[in-house]
Amino acid sequence: MVEYKGNSSSVTLPSSVKKIGASAFEGNKKLKYVNIPGKVTEIGAQAFKDCTSLKNVNCKDNIAVINVKAFSGCKSLSYIHFSKKLRKIDNLAF
């Protein structure tokens with residue numbers, strides 16, 4: 001997924017998505033809940049940066065990499081499910 005331009009508060013990514021690209025959701029103030037499908041293995045740099053309303057991120061068990069500043073500025077984030085395959089969390093990811 002390269003970029004999300006919607007305005008929904010809850011997003012379930014299509015099952016065909018394999019990576020959430022850099023800055024894909026950056027600055028989205030309405031987003032509160034995200035469901036990430038099982039094929040996604042990487043969350044790109046600044047993917048959810050400054051999504052200040054984001055509360056809950058539900059990931060399936062294939063996320064291996066969370067890149068730099070992926071969730072930086074997500075002041076409302078209270079729940080994220082980490083994958084058992086997670087092997088790298090970059091600096092300032094949260």
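Which residue in β6 is the bridge partner of E42? The partner is V65. This is a predicted model. Its features here fall into four topics: an open parallel sheet, a buried lysine, an aromatic cluster and a nonpolar surface patch.

**Sheet**

- The open sheet has 4 strands, in the order β2-β4-β6-β8.
- Pairing in this sheet is parallel.
- β2 (19–20) and β8 (88–89) are the edge strands. Each of them pairs on one side only.
- Strands β4 (residues 42–43) and β6 (residues 65–66) run parallel and are joined by 2 bridges. The pairing of E42 with V65 links β4 residue to β6 residue.
- In general, strands of a sheet pair through backbone hydrogen bonds, in either a parallel or an antiparallel way.

**K49**

- K49 sits in the loop between β4 and β5 (56–59).
- Its relative accessibility is 19%. K49 counts as buried because that value is under the 20% cut-off.
- Leaving aside residues up to four places away in sequence, K49 touches E26, G27, K69, A70 and S72.

**Aromatic pairs and cluster**

- The structure holds 5 aromatic pairs.
- One of them is F25 with F48. The ring centres are 4.8 Å apart and the planes meet at 15°, so this pair is stacked.
- This pair links distant parts of the chain, 23 residues apart. F25 lies in the loop between β2 and β3 (33–36), and F48 in the loop between β4 and β5.
- F25 and F48 are both buried.
- F82 and F94 form an edge-to-face pair. The distance is 6.0 Å centre to centre, with 80° between the planes.
- The F82–F94 pair also links distant parts of the chain, 12 residues apart. F82 is in the loop between β7 and β8, while F94 is in the segment after β8.
- One aromatic cluster takes in Y4, F25, F48, F71, F82 and F94.

**Nonpolar surface patch**

- F82, I89 and F94 make a nonpolar surface patch of about 290 Å².
- F82 belongs to the loop between β7 (79–80) and β8.
- Why does F82 count as partly exposed? Its relative accessibility is 38%, which lies between the 20% and 50% cut-offs.
- F94 counts as partly exposed too, at 46% relative accessibility.
- F82 and F94 thus appear both in the patch and in the aromatic cluster.

Key. Residues are numbered from 1 along each chain as its sequence is written. This is a predicted model: local features need pLDDT of at least 70, side-chain atom pairs count only at pLDDT 80 or more; totals for chains, interfaces and linings use all residues. Side-chain values use heavy atoms; hydrogens and water are left out. Two strands pair if DSSP finds at least two bridges between them. Buried means under 20% relative accessible area, exposed over 50%, partly exposed in between (1.4 Å probe, protein chains only). Contact means heavy atoms within 4.5 Å. Patches are made of residues with over 30% relative accessible area and no salt bridge: like charges are joined within 9 Å, nonpolar side chains (Val, Leu, Ile, Met, Phe, Trp, Tyr) within 5 Å. Accessible areas come from the Shrake-Rupley method with a 1.4 Å probe; for residues, only the protein chains shown count as cover. A salt bridge is a side-chain nitrogen of Lys or Arg within 4 Å of a carboxyl oxygen of Asp or Glu. Rings of Phe, Tyr and Trp (its six-membered ring) pair if their centres lie within 6.5 Å; planes under 30 degrees apart count as stacked, over 60 as edge-to-face and the rest as tilted.
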